Amino acid sequence: MLHCVEDNEACIIGVVSGCLTFSHDVHGERFYRFMLRSDRLSENADSICVTVSEKMLMETSIDIGTSLKVFGQFRSYNNYTGQGNKLVLTLFAREITTAEEGEEATNEIYLNGYICKPVVYRVTPFGREIADILLAVNRAYNKSDYIPCIAWGRNARFVKHLDVGRNIQIWGRMQSREYQKRISDTETVTKTAYEVSINRLEIGEDIREKKENSRFEDKEGNII
């Protein structure tokens, strides 16, 4: 279970479904990526990209077919390669362990962030209500992650009225889904979208309210 201590927490239990490949290095520390498949209660499954430091690879083997438990943060990066999606989403691992025998597949995430684009509300031809949200979640060193989220039913009806800058907290799961993108009159290409499917949400202060309600004190304790 998630403790919801930080603004971005995620936990997933699944099976390694893709080979470990080099991703990038930061100040001499190398990072790698692999795909982790987590089954849903339905017959479908989510395939989530996991990014892991080489330091963790000394303690846990990342072999295809191995069941793993991963704790970390769902992060976003801009893709400048010109291939694939413009926004890359990955679970940045802070802890990886081998899943215990009998542990069921788990996929949980908690985010506390701010709506940074107008909410897009729509109704499918089958009458299902959906709302797309882009959530900005603060990270250390003045960075932010931009996480696409999707709300359903009454949650979708509720968030469609929320303004940009509104603070919300959400609980849900990381999900992947394939879709067809038309590239010409005769050709389509299959792509994969990654997002957070919302199970529960709560409203917090928006940016303006937060500034108005902030209290600053000088060295003598006077509010300024």
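Start at Ile12, whose bridge partner in strand S7 is Asn107. That bridge belongs to the pairing of strand S1, residues 8-16, with S7, which runs in the antiparallel sense over 6 bridges. Keep in mind while you click around that this is a predicted model.

S7 itself spans residues 106-115, and 8 of its 10 residues are buried, so "mostly covered" is a fair label under the 20% relative accessible area cut-off. Follow S7 along and you meet strand S11, residues 167-182, paired with S7 in the antiparallel sense over 6 bridges. Tyr110 is a handy marker here, with Trp171 as its bridge partner in S11. There is also strand S9, residues 129-139, which runs antiparallel to S7 and is joined to it by 2 bridges. For that contact, look at Ile115, which has Leu135 of S9 as its bridge partner. One thing to bear in mind when you turn the view: in a regular strand the side chains alternate between the two faces of the sheet.

Now for the nonpolar packing. The largest nonpolar core has 38 residues, and the ones touching the most other members are Phe34, Val70, Phe74, Leu91, Leu111, Cys149 and Ile170. As background, nonpolar side chains tend to be buried together in soluble globular proteins.

Cys149 deserves a closer look. At 2% relative accessibility, Cys149 counts as buried. Leaving aside neighbours within four places in sequence, Cys149 is in contact with Leu111, Ala131, Asp132, Ile133, Leu135, Ile170, Val196 and Ile198. Leu135 in that list is the residue you just met as the bridge partner of Ile115.

Why does Cys149 not form a disulfide? The closest cysteine sulfur, in Cys116, is 9.5 Å from the sulfur of Cys149, so the two are too far apart for a bond. The count for the structure is 0 disulfides. Cys49 is another buried cysteine, with a relative accessible area of 11%.

On to the charges. Side chains of opposite charge can pair when their charged atoms come close. How many salt bridges does the structure hold? The total is 10, and three of them are worth a visit.

Take Asp39 and Arg37, whose side chains meet in a salt bridge at 3.4 Å, N to O. Both ends are partly exposed: Asp39 has a relative accessible area of 47%, and Arg37 has 41%.

Next, go to Arg173, which forms a salt bridge with Asp46, the closest N and O atoms being 3.4 Å apart. This pair links distant parts of the chain, as Arg173 sits in strand S11 and Asp46 in strand S4, residues 45-53, with their positions 127 residues apart in the numbering. Is Asp46 buried or exposed? Asp46 is buried, at a relative accessible area of 1%. Arg40 comes in here too, as Arg40, Asp46 and Arg173 are linked in a network of salt bridges.

S11 supplies another salt bridge through Arg177, whose side chain meets that of Glu195 at 2.7 Å, N to O. Here again distant parts of the chain are linked, with Arg177 in S11 and Glu195 in strand S12, residues 188-203, 18 residues apart. The two ends fall into separate accessibility classes: Arg177 counts as partly exposed at 36%, whereas Glu195 counts as buried at 5%.

Technical notes:
Residues are numbered from 1 along each chain as its sequence is written. This is a predicted model: local features need pLDDT of at least 70, side-chain atom pairs count only at pLDDT 80 or more; totals for chains, interfaces and linings use all residues. Side-chain values use heavy atoms; hydrogens and water are left out. Buried means under 20% relative accessible area, exposed over 50%, partly exposed in between (1.4 Å probe, protein chains only). Helices (H or I, at least four residues) and strands (E, at least two) are DSSP runs, numbered from the N terminus. Two strands pair if DSSP finds at least two bridges between them. A salt bridge is a side-chain nitrogen of Lys or Arg within 4 Å of a carboxyl oxygen of Asp or Glu. A nonpolar core is a set of buried Ala, Val, Leu, Ile, Met, Phe, Trp, Tyr and Cys residues joined through side-chain atoms within 4.5 Å. Contact means heavy atoms within 4.5 Å. A disulfide is a pair of cysteine sulfur atoms within 2.5 Å.
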